Every structure is written in structure tokens, then in C-alpha cells.
Amino acid sequence: MEVRYSERAGLFQASAIRNKLFDNPEIITFAAGKPEASLFPLGGIDKALAEVMGGEGKSALQYGPSEGLAGLRELIASQRMAACGVTTTADDIALTSGSQEAIELSGRIFVDEGSAIACENPSYTGAFGALAPYAPRYVPISMDEDGMIMEELEQALRTDPDIRMIYTIPDFQNPTGVSMSVERRRRLAELAAEYRVPVIEDCPYGDLIFEGERRPAVKSFDKEGWVVMLGSFSKTLCPGLRLGWICAGKEILEKYVLAKQGMNLQCGTLDMCLAERYLSLNSLEEHISALQDLYRERRDLMLDCVKRYFPAGVRCTHPHGGFFVWMELDPALDTGALLLKAASEYKVAYIPGRSFFPNEGSSSFIRLSYSCVDLATIEEGMKRLGAFVTEEYKKL
Ligand SMILES: Cc1ncc(COP(=O)(O)O)c(C=O)c1O
């Protein structure tokens, strides 16, 4: 078919995470960064839905405000934002269809053709997909065990005037599981103000801490309004509601709301009513605490399996929360090329690390997610993956 698509349509990217290969039930997959479905609070959601339909049912099925329902925005400000050290009000919150939409809107608002985005190297491949239509140039900033290296970021900001936003995932980063130190969070907020470049702080995993103390958000150090924080109910409540939020100062938030209005008017009113009622009737903190226990146990087992089943030279991160372990194999191995073999011969799958590097990057990494795999399956899957990697190491 000779369809004349826009040039922008040629920039769309397929997600490396949503690979059909991972749907085969014979394959144990550590690819999906999904929350554990058995802990979705079905009873609480059912009750909240019944109350919504029995009460404000008609208005729940009507259009609503583009920035989202006031009651839900208030609960987000007083509960979720307070939990990460940010003192704010409903006026600084707008609802989005997951944080994925907020990333896309950030591109709409801040990125022109030829603009650059500074981000951790590696970073969330889904953000590259969301931002692809804006054709940004990426300025990847190295990380160590304390997150993005601020000296390198400052050097980039000093020398590259086209950097229009800094995208960061400071808590249990996707894909590495690494968290930014408190000192660097403070410094990042300072640099944003000094160079007048907005920080997009993407924080879908911050609540899911299971080791050590929760660190205050970069937003909590923001004195002048240069930090835009993105939150989400996807990992703490359920992703099917498609509800996330933006916390930003008035001027920037208005731009986001206008951009969202043009795109899809608003989030689903029923979804927002449901979330609001659920949060009013239940303690999300208690639910999060159960999630933390579950994910801690899975993380522990996965790391233990690395010691037991993998060659000694294999290194991986030790996340204190979130969903991901980032594993580094021998530089001679190309994990992208090996995936098909792992899946077809060893019946185990992972995400090759290459797609998480915005520019050129190493092919010897893999991202493993323990979030939606039960303990027995983690044991078996890691045994298979370890056997596969051991076999490949023998050939080196
Ligand atoms: C870092 C990061 N940002 C954003 C998202 C999108 O999440 P949501 O379901 O809130 O759109 C994800 C999902 O995996 C993620 O890992």
C-alpha cells in the first residue's frame, strides 16, 4: 500500500519490552516489568467501584476536568507526594494516563527539532519510544552506584546549550535498579536552576523500597520550580487503571494540561473516581508494605541464584527496591544475538541491554525483572539462564 505517512510516523519505535517471543508459556521470562497480579487489591477495587456507581455514578461516566479530579489530586498531594518528602497541594498536581503519557507530553513541551535530552546511560527504553516523534539528540550521562554523575552532567550543561531537559529515574532505576544518592539529588536540583533546564524526575518505583531508608525526591530540593516530578499508580495499585500524575509549578503544569487536553482531553473519569474512592477507603501504605515484602523475597532469591548458577565473572546490581537487576556478561557476548537461542533452547528470556542505551552502547548487558515471577519459577528460570550463560562462557 502506498500510504503517505508523516516523517514523524517513520520515527515511531517498537518497544523492546513488548516482544511477542515473551508470550510463549513454555518460556520463563524475566523480561516483563509488570507488577505481581495476584496482589492486585481486587476486593478493595470492587468495593470502591460499587460505591462509585451507587453514588456519583452518572458524573463518573461524564467528561471531567483536563487536570483531573480535585479530590484525587488532593490525595496524591497529601499521601504520595508527602511520602517522598515533597510538600505540595492539589494545585501542583495533574493526572495523566500513566507516567508514560507524561514522558510523551514532556517531549511535546520541551523538545524542538535538534534539541538535546540529557539522561542516565542506560535509561528507560520506553522513554526513548515516547520521545522518538520529537527526534531528540541524546546526551547520555554516565552512572555509578550512586546514580547519574553530576560532574559529567554539569560539564554537558555548560558546553551544550541545546539541552532542553534532563530525564532521570532516581529511584530503583529502570533498567539498572540503581538509586541516586541524596547529595546528588540536591545537586541535580541546583544544576537545573543554575542552567535553567527542567528536570523530569520519573518516579514509578520510589514507594517500592525494601532495603534502607527512602530518599527524598529531587523535587523536594527544588526551590524555583525547575523539577517536574512524574508519579504513577501502575506499580503500587495496578497499571490497568492507566493513572499517573505530574507534580510541577503552576506555569509548567498549565502547559502540560493544555498539551494533554489537545491529545485526549483528560484521563477516564471513572478510573479517577475509582482510584479516589479506593484511596479514601483503604490504606495504600499497608498495601505497599505487602508489595515490598513480596519483591524483597524475589530480589533476594534472584541474587542468590546468580551466585549459585552463573560463572564467577558475571556481575549484577543489588537493587534496594523496584523490579530490576542489571547483569553484565563478558564484553565478547552479544545478549541481543543470544536471546533467540536462550528462548528456543533453554526456554528462558530476558531483555537485551542494548535497547536501554540511547546512543551506541555495550551489548553485553541484560535486564532481569523479578517482579511478576514466583519463587519456584525464579529458581528454575535462573538455573536455565545460568546454564545457558555458563555454556556461552565456555566458548570464549
Ligand atoms: C521508568 C518508567 N517510567 C514510566 C513507566 C510507565 O509507567 P506507567 O504505567 O505509569 O505509564 C515505566 C513502566 O515500566 C517505567 O519503568
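In the predicted model, Lys394 is exposed, with a relative accessibility of 61%. The side chain of Lys394 forms a salt bridge with that of Glu391, at an N to O distance of 3.7 Å. Because the two residues are three positions apart in helix α12, about one helical turn separates them. Glu391 itself counts as partly exposed, at 32% relative accessibility.

Helix α12, which spans residues 375-394, also takes part in a pairing with a distant part of the chain. Glu379 forms a salt bridge with Arg308, with the closest N and O atoms 2.9 Å apart. This pair joins helix α12 (residues 375-394) to helix α10 (residues 284-309), its two members being 71 residues apart. Both partners are partly exposed: Glu379 has a relative accessibility of 23%, and Arg308 has one of 42%.

Across the whole structure, 28 salt bridges are found. One of them pairs the side chains of Arg277 and Glu56, with an N to O distance of 2.8 Å. Arg277 belongs to helix α9 (residues 269-281), whereas Glu56 is placed in the loop between α1 (42-54) and α2 (57-60); the pair therefore ties together parts that are 221 residues apart in sequence. Glu56 is partly exposed, at 28% relative accessibility. In addition, a network of salt bridges links Arg80, Asp207, Arg214 and Glu285.

Turning to the nonpolar interior, the largest core comprises 48 residues, and Phe30, Leu368, Met382 and Leu385 have the most contacts inside it. Two or more residues are contributed by each of α10, β12 (324-328), α11 (335-345), β13 (348-349), β15 (365-369) and α12. Of these elements, α10 supplies the largest share, eight residues. Residues of this core come from both domain 1 (8-40 + 286-394) and domain 2 (43-281), so the core lies between the two domains.

The surroundings of Leu385 illustrate the packing in this region. When residues up to four places away in sequence are not counted, Leu385 touches Phe310, Val348, Tyr350, Ile366 and Leu368. Apart from the largest core lies another one, of 33 residues, which includes Ala48, Ile76, Cys203 and Met229.

Technical notes: Residues are numbered from 1 along each chain as its sequence is written. This is a predicted model: local features need pLDDT of at least 70, side-chain atom pairs count only at pLDDT 80 or more; totals for chains, interfaces and linings use all residues. Side-chain values use heavy atoms; hydrogens and water are left out. A salt bridge is a side-chain nitrogen of Lys or Arg within 4 Å of a carboxyl oxygen of Asp or Glu. Helices (H or I, at least four residues) and strands (E, at least two) are DSSP runs, numbered from the N terminus. Buried means under 20% relative accessible area, exposed over 50%, partly exposed in between (1.4 Å probe, protein chains only). A nonpolar core is a set of buried Ala, Val, Leu, Ile, Met, Phe, Trp, Tyr and Cys residues joined through side-chain atoms within 4.5 Å. Domain bounds come from an automatic or database domain assignment. Contact means heavy atoms within 4.5 Å.
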